[in-house]
Amino acid sequence: MRIGWIGCGPHARELLLPHLVRHEATLAALCDTDSARLAKIARAYGGAAADCTGDARALRARPDIDAVGMA
């Protein structure tokens with residue numbers, strides 16, 4: 001399952017994303033309006049989350065994303 005994630009703040013960074021990637025899911029895309037925070041999370045999750053955007057509507061509209069999580 002390919003997951004898109006919206007919101008890369010402390011709750012997502014410390015609690016949600018670490019548990020998400022433990023399961024059979026690929027973190028395919030990230031979205032946040034804070035570009036520094038977005039880059040930090042993208043670095044933490046490497047190539048799996050290399051596709052980053054500040055536009056949540058664009059992420060939700062992607063046909064290659066199976067589900068979207070949000071924090």
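The following conversation goes through the sheet, salt bridges and nonpolar cores of this predicted model.

Trainee: What makes E3 and E4 the edges of the sheet?

Mentor: The open sheet has four strands in the order E3-E2-E1-E4, paired in parallel. Strand E3 (51-53) and strand E4 (67-70) each have a single partner strand, so one side of each is left without a neighbour in the sheet. From one strand to the next the twist averages 25°.

Trainee: How do you know that E2 and E3 count as paired?

Mentor: Pairing requires at least two bridges between the strands, and strand E2 (residues 26-31) is joined to E3 by three bridges in the parallel sense, so the requirement is met. At the level of residues, Cys31 has Thr53 in E3 as its bridge partner.

Trainee: Which helices lie across these strands, and at what angles do they run?

Mentor: Helix H1 (residues 10-20) lies across strand E1 (2-6) and E2, and runs at about 175° to E1. Helix H2 (residues 35-44) lies across E2 and E3, with an angle of about 170° to E2. Angles are taken between N-to-C directions on a scale from 0 to 180 degrees.

Trainee: Why is the contact between Asp64 and Arg2 called a salt bridge?

Mentor: The rule asks for a side-chain nitrogen of Lys or Arg within 4 Å of a carboxyl oxygen of Asp or Glu, and the closest N and O atoms of Asp64 and Arg2 are 3.2 Å apart, so the pair qualifies. Asp64 lies in the loop between helix H3 (56-61) and E4, whereas Arg2 is in strand E1, so the salt bridge ties together parts that are 62 residues apart in sequence.

Trainee: How many salt bridges does this rule give, and which residues are linked in a network?

Mentor: The count comes to five, and the network links Arg2, Asp51, Arg62 and Asp64. In the salt bridge of Arg62 with Asp51, the closest N and O atoms are 2.2 Å apart. Arg62 belongs to the loop between H3 and E4 and Asp51 to strand E3, so this pair ties together parts that are eleven residues apart in sequence. Another salt bridge joins the side chains of Arg13 and Glu14, at 3.1 Å from N to O.

Trainee: Why is Glu14 called exposed, and why is Arg13 called partly exposed?

Mentor: Exposed means over 50% relative accessible area, buried means under 20%, and partly exposed is in between. Glu14, at 53%, therefore counts as exposed, while Arg13, at 27%, counts as partly exposed. By this scale Asp64 at 31% is partly exposed, as are Arg2 at 33% and Asp51 at 35%.

Trainee: What makes a set of residues a nonpolar core, and which residues form the largest one?

Mentor: Members must be buried residues of the nonpolar kinds, joined through side-chain atoms within 4.5 Å. The largest such core has twelve residues, including Ile3, Trp5, Leu17, Leu27, Leu38 and Tyr45. Elements E1, H1, E2 and H2 each give two or more residues to this core, and the largest share, three residues, comes from H2. In soluble globular proteins, nonpolar side chains tend to be buried together.

Trainee: Which contacts does Ala25 make beyond its neighbours within four places in sequence?

Mentor: Ala25, one of the residues of the largest core, is in contact with Met1, Ile3 and Leu20. Apart from that core lies another, of six residues, among them Ile6, Ala28, Cys31 and Leu59.

Methods: Residues numbered from 1 in each chain as written. Predicted model: local features only at pLDDT ≥ 70, side-chain atom pairs only at ≥ 80, totals over all residues. Heavy atoms only, no water. Contact = heavy atoms within 4.5 Å. Buried < 20%, exposed > 50% of the residue type's maximum accessible area, 1.4 Å probe, protein only.
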